[in-house]
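Here are a few exercises to work through with the model on your screen. Try each one yourself before you read the solution.

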Amino acid sequence: MTKVIKCAFCKGTGKDPFELLSAISGCQVCEGTGQVEVEEPAIVCVFCSGTGKNPLGARVPCIVCSGKGSNFCESTTICHLCKGTGKWSDGLSCTRCKGVGFN
Ligand SMILES: [Zn+2]
Ligand SMILES: [Zn+2]
Ligand SMILES: [Zn+2]
């Protein structure tokens with residue numbers, strides 16, 4: 001099962017939020033459509049707080065959700081290593097849950 005959601009990286013505008021290539025360049029995550037498909041069940045990406053942007057500050061999509069803002073997650077068990085935050089104290093993604101926060 002997949003569902004179509006608004007692209008988090010460009011907030012559904014279809015434009016690159018950082019205008020990396022040009023002001024009219026399309027969003028690299030949704031390829032300009034403003035929408036992305038996610039596998040269900042999907043939860044809000046804890047690594048980027050659903051923004052789709054890399055929380056480390058780089059002007060690139062979140063490495064965990066690929067910029068979609070949501071992750072496929074069947075588990076409701078919070079990852080004990082990162083305590084559900086999806087990241088280590090240094091900001092890197094948790095290797096146990098792969099940044100999803102649950103496993
Ligand atoms: Zn987009
Ligand atoms: Zn994310
Ligand atoms: Zn974890």
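**Exercise 1.** Not counting residues up to four places away in sequence, which residues does Cys-73 touch? Then decide how open its position is.

*Solution.* Keep in mind that this is a predicted model. Start by finding Cys-73 in the segment after β4 (70-72). Next, look for its contacts beyond four places in sequence: Cys-73 touches Pro-41, Ala-42, Ile-43, Val-100 and Phe-102. Now count neighbours. Cys-73 has 19 C-beta neighbours inside 10 Å, and a residue needs 20 or more to be buried, so Cys-73 counts as partly exposed.

**Exercise 2.** Work out how strands β1 and β2 pair, and which faces are covered.

*Solution.* First, get the direction: β1 (residues 2-6) pairs with β2 in the antiparallel sense, over five bridges. Check it with partners: Thr-2 stands opposite Glu-39, while Lys-6 stands opposite Gln-35. Then turn to the faces of β2 (residues 35-39): Val-36 and Val-38 make up the covered one, and Gln-35, Glu-37 and Glu-39 the uncovered one. As for β1, zero of its five residues are buried, so this strand lies largely in the open.

**Exercise 3.** Find the largest nonpolar core, then follow the contacts of Cys-79.

*Solution.* The largest nonpolar core has 12 residues, among them Phe-47, Val-64, Cys-79, Cys-94, Cys-97 and Val-100. A second, separate core has nine residues, including Cys-7, Ala-8, Cys-10 and Cys-27. Back to Cys-79: leaving aside neighbours within four places in sequence, its contacts include Gly-84, Cys-94, Arg-96 and Cys-97.

Key
Residues numbered from 1 in each chain as written. Chains lettered and ligands numbered in written order. Predicted model: local features only at pLDDT ≥ 70, side-chain atom pairs only at ≥ 80, totals over all residues. Core = buried A, V, L, I, M, F, W, Y, C linked by C-beta atoms within 7 Å. Contact = placed C-beta atoms within 7 Å. Helix = DSSP H or I, 4+ residues; strand = E, 2+ residues; numbered from the N terminus. Pairing = 2+ DSSP bridges.
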